[in-house]
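User: I'd like to learn how to read the inside of a protein model. Could you walk me through it, one feature at a time?

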Amino acid sequence: MNGADRKISFSDDVRPIFQSSCWKCHGSGTQLGKLDLSSRDSALRVITPGDPEKSRLYRLVAGLEKPAMPMGSTLTPQQLETIRLWINQGAVWDSTGKYWAFEKPVSARGKSIDDLVKRALDERGLTPAPEADRRTLLRRAYLDLIGLPPTPTETDEFLNDRKPGAWERLIDKLLASPHYGERWGRHWLDVARYADSNGFEHDFDRPNAWRYRDYVIRAFNADKPYDAFLREQIAGDELPNVTQDSLIATGFLRNYAKVGFREKDNPENRFDYLDDMLGTIGRGVLGLTVQCARCHDHKFDPISQRDYYRMQASLFGYVEVDHPLTSRETAAAYEKKKAEIDARVNAVRQNLRELERPYRDQLLPAKYKRFPQNVQDAIATPEDKRTPGQVLLASQVIRTVSVSPAEIDRIMNPQDLAQKQTLNEEIARIEKERPEPIPVAMGITDGDYRFTPDGPGDEPAPGKGVKQAAIEGSFLHRGPGRYQTPPSYLLVRGDPNSKGPEMQPGFLSAITYGNPPTELPPASGNTAGRRRALAEWLVSPENPLTARVIVNRIWHHHFGHGIVPTLDNFGKMGEMPSNPELLDWLAVEFVNRGWSIKQMHRLIMTSDAYKRASKFDDAADLAKDPQNRYLWRYPMQRLDAEIIRDSILAVSGGLNPEMFGKPVFPKLQADVLKSMNYGIWKQSEDGPMVWRRSVYVYRKRGLPYPLLDIFDLPNQNISCGARNVSTVPTQALTLLNDEFVLRQAQLLSNRLQETEPTDPAKQIELAYRLALGRGPEDSELRVNLEFLKTRKLVDFAHVLLNLNEFLYLR
């Protein structure tokens with residue numbers, strides 16, 4: 001069949017052209033010139049089926065009318081011929097008419113990554129760069145997969161391996177390294193908005209958050225299938241086989257930034273936390289801004305407010321819980337003893353509060369006087385007579401203004417002071433009987449503890465708080481009672497005080513195919529099973545977005561930009577895919593290969609596209625594709641903040657390879673530490689105990705570690721799609737003056753001196769091999785030898801850690 005006779009398919013042939021060249025300006029979300037090419041009905045304004053020469057669309061893209069389209073570029077002759085033939089054949093729209101991201105991906109059978117990349121290059125007349133040299137590829141693979149530079153021994157080992165398959169064996173070796181999970185787990189922790197503190201004003205410590213971080217690292221190292229990974233994080237307590245890991249995984253939903261200690265301080269905060277969960281699932285897993293439908297229907301994507309609240313109903317029964325990571329019997333015994341100690345301590349503390357009350361009441365009025373008169377009036381008004389505005393004002397101030405024990409002691413009479421000391425001593429004696437804490441994991445389960453009892457004794461005991469009852473429900477079993485999710489409602493304009501109709505669980509209509517279940521209750525009856533149903537919908541092969549979004553993230557982390565550049569927005573306000581066929585091929589291949597992320601690494605890294613040189617300045621290619629969206633060369637990338645610090649430690653020889661466990665607290669400057677009002681930072685001396693990989697550094701929302709923050713650590717309060725990459729003077733100043741960097745430069749200098757005590761040329765050779773994976777060129781050797789005649793070896797080591805070549809992936 002010759003070209004003129006070939007049958008044109010809109011889905012296979014025309015839609016990719018519209019996606020990459022037309023819909024960004026003339027789609028259903030953006031309609032420049034009031035032209036919408038997202039459906040046949042609207043496109044017929046500029047198409048005359050059967051007659052391309054009379055079709056304004058064809059005349060514009062062919063340059064027969066002005067302005068020539070698409071703006072700023074031109075279609076290739078092959079693309080023009082495809083559109084001409086399609087119109088000539090009647091402009092048949094063999095598609096559902098849905099926006100591309102809401103249609104299920106279709107794989108280009110018999111193709112490969114290089115086939116689909118080459119097609120995109122050929123269509124645009126782009127010439128691919130040659131393959132990079134082996135040293136460059138080696139360093140690229142190490143920094144990409146494990147986030148550490150290769151040692152001289154590892155470099156020699158690879159360069160001396162001349163047998164076929166050396167590159168593939170290197171990739172397998174790095175994927176098997178325990179450091180792989182530390183590198184690639186960090187990418188997911190950005191999505192999961194992981195931190196070790198609450199955030200907001202008080203930024204309290206989360207002493208068990210690190211268990212979720214370790215779970216993620218273990219999951220990546222084990223190549224846990226991505227569908228299982230998501231199931232555990234959304235519904236790890238509802239699965240048929242609940243494990244300690246699956247309970248820890250529910251920390252994903254609880255990673256939200258939180259106000260203060262207790263939700264009950266402001267019940268409306270709960271809706272913000274639910275919104276954060278939906279936003280994280282939406283942007284992080286589905287690539288959609290679901291939270292934009294909280295107050296009204298989404299302005300651009302087909303996500304209704306009812307869709308939003310149906311998804312919220314799937315999560316609505318959640319409560320925060322510390323899952324015991326011990327046997328049921330040990331956990332029960334601990335809870336019983338702890339409750340006994342708490343009751344005795346609380347009784348004494350109540351006596352202590354009563355003793356201090358008159359003194360506290362005496363001191364508080366003076367503290368309230370610094371507030372405006374309306375606030376003072378609100379506090380002075382009896383609680384049952386306060387207006388709603390006064391309730392808010394009074395509660396905010398009363399909650400934050402306190403009297404310290406020392407202030408009370410200064411005005412206490414001697415008799416009361418002696419009694420206070422006796423009470424405190426009694427508390428101390430009781431506390432000595434408190435059992436050692438059992439290991440627990442910060443997570444969630446279903447709560448509100450509304451049961452349909454099947455017999456006497458099924459109701460939770462009175463007076464049990466959320467955390468205690470939740471622990472009993474999630475791990476210790478609550479008996480034969482059947483859990484009922486509390487009712488949730490559509491909130492008019494998102495206002496918790498304006499309840500609309502009661503909502504049942506459900507999913508996003510635009511991307512739901514068939515009739516998936518909305519509840520999958522576990523046999524125990526302890527939870528509703530709504531989160532498990534949500535998880536199953538997310539990982540269903542029928543879901544058009546989950547696989548696309550994760551393979552796009554993987555692609556982004558390998559190449560510095562995604563096929564869809566807006567990693568967390570595949571909706572109509574996001575950017576169109578540069579190669580839609582490649583994206584769909586990767587998504588289908590990912591699912592067919594068992595949702596294995598490591599297999600995707602192998603596919604991508606063994607492609608010609610990945611192995612291209614970054615130093616290839618072709619003027620014609622640069623003019624046609626200045627942003628390198630079609631990968632005619634490998635994109636040079638600045639290393640992530642954590643990898644810069646880790647590489648410095650590795651090269652100096654100071655890196656502590658210990659994995660897992662509680663976070664470390666690198667030393668902070670005194671003035672930085674003084675800026676912290678609440679929470680913790682356990683100041684440590686700069687040494688091996690804190691020279692662990694940066695994934696283990698304490699992630700304090702209110703005080704990010706400065707060395708990482710200056711190199712674009714993401715906002716830890718929200719799910720992060722792609723990190724910002726900036727180039728600012730303070731980065732260079734930090735590398736020149738930071739105490740940690742100076743110390744590591746000294747360690748590197750010592751390492752060079754110990755290995756090559758007397759030969760400066762050999763010291764330079766070793767330094768280059770350690771830091772850059774190569775020896776110095778002749779000109780570099782001459783310059784550095786001259787430098788060492790007047791400067792110390794530590795100065796040379798410091799300069800090396802500041803080189804662009806050290807800080808960039810090439």
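User: Let's start with a single residue. Leaving aside its neighbours within four places in sequence, which residues is V191 in contact with?

Analyst: Happy to help, and please keep in mind that this is a predicted model. To read such a list, look past the sequence neighbours and see which parts of the chain meet the residue. Here V191 touches T280, G284, R553, S719 and C720. V191 itself sits in helix α10.

User: Is V191 buried or exposed?

Analyst: The idea is to compare its relative accessible area with a cut-off: under 20% is called buried. V191 has a value of 2%, so it is buried.

User: How far apart are V191 and R270 in sequence and in space?

Analyst: It helps to read both separations side by side. These two are 79 residues apart along the chain, and their C-alpha atoms are 21 Å apart.

User: Now for empty space. How many cavities of 30 Å³ or more does a search of the whole structure find?

Analyst: Begin with the count, then turn to volume and lining. The search finds six cavities of that size, and the largest has a volume of about 90 Å³.

User: Which residues line the largest cavity?

Analyst: V191 comes back here: the lining consists of W184, H187, W188, V191, F220, I550, R553, I554, H557 and I597. Helices α10 (179-191) and α24 (546-559) each contribute at least two of the lining residues. By class, the lining has seven nonpolar, two polar and one charged residues.

User: What do nonpolar side chains tend to do in soluble globular proteins?

Analyst: In such proteins, they tend to be buried together. In this model, the largest nonpolar core has 189 residues, and F18, W86 and W188 have the most contacts inside it. Helix α15 (residues 269-286) supplies the largest share of this core, eight residues. There is also a second, separate core of 20 residues, with Y359, Y368, V397 and I430 among them.

User: Leaving aside its neighbours within four places in sequence, what is W188 in contact with?

Analyst: Read this list as you did for V191. The contacts of W188 are Y212, V216, F220, Y226, F229, L230, Q233, F252 and V285. One of these, F220, is also listed in the lining of the largest cavity.

User: Last, a charged residue. Why does D322 count as buried?

Analyst: The cut-off works as before: D322 counts as buried because its relative accessibility is 13%. D322 lies in strand β1 (residues 318-324). For a side chain like this, look next for polar partners: that of D322 makes a polar contact with the side chain of R254, at 3.3 Å.

Methods:
Residues are numbered from 1 along each chain as its sequence is written. This is a predicted model: local features need pLDDT of at least 70, side-chain atom pairs count only at pLDDT 80 or more; totals for chains, interfaces and linings use all residues. Side-chain values use heavy atoms; hydrogens and water are left out. On a 1 Å grid over the protein atoms alone, a cavity is a set of points where a 1.4 Å probe fits but cannot get out, and a pocket is an open set with protein on both sides within 12 Å along at least five of seven lines; lining residues have an atom within 4 Å of a point. Grid points are joined across faces, edges and corners, and a volume is the space filled by probe spheres set on the points. Helices (H or I, at least four residues) and strands (E, at least two) are DSSP runs, numbered from the N terminus. Ala, Val, Leu, Ile, Met, Phe, Trp, Tyr, Cys and Pro count as nonpolar, Asp, Glu, Lys and Arg as charged, and the others, Gly among them, as polar. Buried means under 20% relative accessible area, exposed over 50%, partly exposed in between (1.4 Å probe, protein chains only). A polar contact is a pair of N or O atoms within 3.5 Å; within protein, one must be able to donate a hydrogen and the other to accept it, and residues adjacent in sequence count only if both atoms are side-chain atoms. A nonpolar core is a set of buried Ala, Val, Leu, Ile, Met, Phe, Trp, Tyr and Cys residues joined through side-chain atoms within 4.5 Å. Contact means heavy atoms within 4.5 Å.
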